[in-house]
Amino acid sequence: MFKKEVTGNFYLYSTEVENVFLADYMISAPEGYVKAYLLALMYTNLGLAIDSQTIKRKLNLTDDQIEDCWSYWTEKGLIKRKEEDIIFVNLREQMGKTTVTSEKHEETLLDDKALAKLYKDIQKATGRMLEAREMNEIVYWINESGINPELIVYCYAYCSQKRKSNSFRYVGAILRDWQKRKIKTVEDAEDYLNDNDSRFNLYKTIFNELGFSRNPTAEEKRIINSWVDDYCISLDKILDACKQTVAISNPNLKYIDAVLKDSKKSNAKEENIAVKINDIYEKIRQENEAKTKEIRSKIFRQIPRVKSIMEELGEENLKQAQALIRRDGVALSNAKKRIDLLLKEKASLLTSNGFAENATDKIYSCAKCKDTGVLEDGSPCSCYAEKLEKINGSKNSY
């Protein structure tokens, strides 16, 4: 009888992945979904127990993201779900069947010119350049999820202005939530936000405290906004001021405005920690942007070709996204090859001239939150807590 020794070290094994997955599915799927699929496949092939919560923690995904991931692969026909079990389909057996995907999506109507305009509109709304994988994710939202391009731009603008986070993962989470709520147009989004946005809830809470059953006027909204935005007054203090209107016969916001401003003057020594921390982050971002600009200028002067390469990379990333829209495998492959060659050339030029390979990358003091204090899922970064503790410590010692 022949036997094979079994080792418990899974690093010594390999995971077989069908070429059809690499060629037809991987290149168009969101990066996080590919990671989750391959990690789960590895554990499954090894016969080791693992659940979605473990994969979620390992890949730093949210509950919604991991659920959307399995829904995506189910729609593509790569897995089957039976209660809590996830069963991987043998793709070789599927090759002769009519179709692997359970749903056929229509081609997007966007042409190259319209796609380029969409990217420019998003960059204008966010005030930043788009990442290559972000461009691909936007294509996925349009092609696979059927999201209106105008709604995507609106969501980026909304997240930038109201949520103070415009990372594509965060925007994607908002768009998925809107899809579940059947929000398809900008008008749908505006109606929903008017009814559910936090600022609307603020108006409603204050008016309920005052006993008003109507909606606030534009002037009343301006007054309330000034309390929150200009004077950084908490809701609890606003509601306390509302209670003081029992002393007058005709409660009104101007009376409350006078009470709050008087209270603000008497407590002028109290620091608003959130504002102070935001100022710290703004200073850090400005310093790092200056450092990045200085280093890049030095490199561009010494190696002019590097600047040209970075401009060409931007063009190739756009071509790659356009190829995904057209489902043009040849153009997509050519763009990827060109990007690889440009990256290798840039790395070679930098290292041969005494620079690090990533010398042109944007500088961040905290790579996790990119100096915003907020992670991609909207939760506070660990560096935010450190700054908060430092400010509280200095305040207490004072």
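This is a short selection tour of a predicted model.

**Stop 1: the main core.** Select W70, W73, I138, W141, I152, L175 and W178. They have the most contacts inside the largest nonpolar core, a set of 59 residues. Now colour α2, which gives the most to this core, with 9 residues. Then centre on W70. Leaving aside neighbours within four places in sequence, W70 is in contact with A36, Y37, A40, S52, I55, I79, R81 and I86.

**Stop 2: another core.** Apart from the largest core lies another, of 17 residues. To find it, pick I206, L210, I223 and I233, which are among its members.

**Stop 3: a buried asparagine.** Go to N288, in helix α15 (residues 273-302). Is N288 buried or exposed? N288 counts as buried, because its relative accessibility is 4% and the buried class takes values under 20%. Show what surrounds it. Beyond its neighbours within four places in sequence, N288 is in contact with I363, Y364, S365 and D371. Its side chain makes a polar contact with the side chain of D371, at 2.8 Å. Check the backbone too: the C-alpha atoms of N288 and I363 are 5.6 Å apart, although these positions lie 75 residues apart along the chain count.

**Stop 4: salt bridges.** The whole structure holds 13 of them. Begin with K243 and E209, whose closest N and O atoms are 3.7 Å apart. This pair links distant parts of the chain: K243 sits in helix α13 (residues 235-243) and E209 in helix α11 (residues 198-210), 34 residues apart. Both ends are partly exposed, K243 at 45% relative accessibility and E209 at 34%.

Next, select E219 and R222. Their salt bridge has its closest N and O atoms 2.7 Å apart. Why are they separated by about one helical turn? Because they are 3 residues apart in helix α12 (residues 218-230). E219 is partly exposed at 39%, and R222 is partly exposed at 48%.

Move on to R305 and E312. Their side chains meet in a salt bridge of 2.8 Å, N to O. R305 counts as partly exposed, at 28% relative accessibility. Add R338 and E345 to the selection: salt bridges that share partners join R305, E312, R338 and E345 into one network.

**Stop 5: a surface patch.** Finish with L22, M26 and I27, shown as a surface. They make a nonpolar patch of about 200 Å². I27 lies in the loop between α1 (19-25) and α2 (31-46), and is partly exposed, with a relative accessible area of 32%.

Terms used: Residues numbered from 1 in each chain as written. Predicted model: local features only at pLDDT ≥ 70, side-chain atom pairs only at ≥ 80, totals over all residues. Heavy atoms only, no water. Patch = residues over 30% accessible without salt bridge, like charges linked within 9 Å, V, L, I, M, F, W, Y side chains within 5 Å. Areas by Shrake-Rupley, 256 points an atom, 1.4 Å probe, with all protein chains shown as cover. Salt bridge = Lys/Arg side-chain N within 4 Å of Asp/Glu carboxyl O. Helix = DSSP H or I, 4+ residues; strand = E, 2+ residues; numbered from the N terminus. Buried < 20%, exposed > 50% of the residue type's maximum accessible area, 1.4 Å probe, protein only. Contact = heavy atoms within 4.5 Å. Polar contact = N/O pair within 3.5 Å; in protein donor to acceptor, adjacent residues only side chain to side chain. Core = buried A, V, L, I, M, F, W, Y, C linked by side-chain atoms within 4.5 Å.
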